[in-house]
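Colleague: Could you take a close look at the charged pairs here, and then place them against the rest of the fold? Short sentences, please, and one connected account.

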Amino acid sequence: MKYRILLLLPLIFFLAACWKKDVDPLAATVARVNDEIITISELVALLPEHEEEAGQKNKKISPQETETLRQGLLDQLIERKMLLQEAKRLDITLNKAEITHQMTLLMHGMDEPRFFQYLSEQKIERATWEKSTHENLLIEKLLKQLVYQNDEKAFSLSDETLRSYYENNRDQWHVGERLKLQQIIVDNEKKAQGLRKDLMKGADFDETARLHSIQTQSKNGKLPPYLTREELPEAFDALFQNNIGSISEVIKTPFGYHLVMIEDKQAEQILPFQEIEEKLNQTLVNRKRERVYSEWIKKLRRRTEVRINKELLKTFS
């Protein structure tokens, strides 16, 4: 669901720094939402990720930008508290099937031990991840039931509306070179190198993927058709120099060791309407959802007691 609630999803990973038995030296209250507090440590825990992203873009953050950033992050924390409180007030709960389904999706096809090993490598505790994911599911369920009233028809768009938007915004559909790929993922480099030797001698890629790929969603090695450089991991950049039918060297990512075959290439182009129709529809629907959500959250904020310690916030700006 790519509407405003997704702005809250980075919070999945922030709690690791906040739930400690020791007394936190940054435990001072920076905001209160009804009877729940937000500590300065919760706010500070969000900052490294955002500052690192800015650093990767070689952009220095001015004091004014830092202040704006931290105020924005505090607004997200406040909004999250409001939503969770509203879900609790309305007694919205999750059943086991809902939790299991979402956990499976978030694991991206990895088995449970490997996924939580990956989280551990990222210094994310399992209990923290599960708690935050559970909260996000509660928020999504709250919005679906209360804000959007489970009414998908209310957000449907006509074919005429979609085509008109497409024609009036053709520059948006320009894409660079794209690749159609198949992949095999295994859990150790030695096995990957052995499989590559077999493939180079003529072994069938589909059959090898079916027998050896560790990700259930990629058992046949298939990926979404035609991906741009921006949609692929940076480790895959070299593939754009390879020819159709070629087998990559072994590529290591957090998910394992990849062998990738290039099925096809497409030059940069304006994407045809038929190819982007579904994505365009979802984008415009999400915009409608955003407007509905924005009005609803304003009403919720008006009946929520929110107090901010502005002086404390300034000291960390």
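Modeller: Glu98 has a relative accessibility of 29%. Buried would need under 20% and exposed over 50%, so Glu98 counts as partly exposed. This is a predicted model. Glu98 forms a salt bridge with Lys141, and the closest N and O atoms are 3.1 Å apart. The pair links distant parts of the chain. Glu98 sits in helix α3 (residues 96-106), Lys141 in helix α5 (residues 126-147), and the two positions lie 43 residues apart in the numbering.

Helix α5 also holds a local pair. Glu135 forms a salt bridge with Lys131, with 2.6 Å between the closest N and O atoms. The two residues are four apart in helix α5, so about one helical turn separates them. Their exposure can be read against the cut-offs. Glu135 has a relative accessible area of 14%, which makes it buried. Lys131, at 33% relative accessibility, is partly exposed. The pair is part of something wider: Arg80, Lys131 and Glu135 are linked in a network of salt bridges.

Now a pair that involves a strand. Lys81 and Glu36 form a salt bridge, the closest N and O atoms being 3.7 Å apart. Lys81 belongs to helix α2 (residues 63-89) and Glu36 to strand β2 (residues 36-39), so the salt bridge ties together parts that are 45 residues apart in sequence. Glu36 is partly exposed, with 31% relative accessible area. For the chain, the count of salt bridges comes to 17.

Next, the sheet. Four strands form an open sheet in the order β5-β4-β7-β6, with antiparallel pairing. Its edge strands are β5 and β6 (251-253), each of which pairs on one side only. β6 pairs with β7 over three bridges, in the antiparallel sense. Within that pairing, Thr253 has Gly256 in β7 as its bridge partner. Helix α7 (residues 189-200) packs on the sheet and touches β4 and β7; its direction makes about 35° with that of β7. Helix α8 (residues 205-212) lies across β4 and β7 too, running at about 45° to β4.

Strand β4 (residues 178-186) deserves its own paragraph. Eight of its nine residues are buried. β4 and β7 (residues 256-266) pair in the antiparallel sense over nine bridges. Here Ile184 has Leu259 in β7 as its bridge partner. With β5 (residues 227-228), β4 shares two bridges, again antiparallel. There the bridge partner of Leu179 is Leu227. In a regular strand, side chains alternate between the two faces of the sheet.

Last, the whole chain. The secondary structure comes to ten helices and nine strands. Of its 317 residues, 38% count as buried. The accessible surface is about 19,100 Å², and carbon and sulfur atoms account for 50% of that. Take the contacts between residues at least 6 apart in sequence: 76% of them join residues at least 24 apart. The salt bridges above include such distant links, with Glu98 and Lys141 43 residues apart.

Definitions and conventions. Residues numbered from 1 in each chain as written. Predicted model: local features only at pLDDT ≥ 70, side-chain atom pairs only at ≥ 80, totals over all residues. Heavy atoms only, no water. Buried < 20%, exposed > 50% of the residue type's maximum accessible area, 1.4 Å probe, protein only. Pairing = 2+ DSSP bridges. Contact = heavy atoms within 4.5 Å. Axes fitted to C-alpha atoms, helices over the stretch in contact; angles between N-to-C directions. Areas by Shrake-Rupley, 256 points an atom, 1.4 Å probe, with all protein chains shown as cover. Salt bridge = Lys/Arg side-chain N within 4 Å of Asp/Glu carboxyl O.
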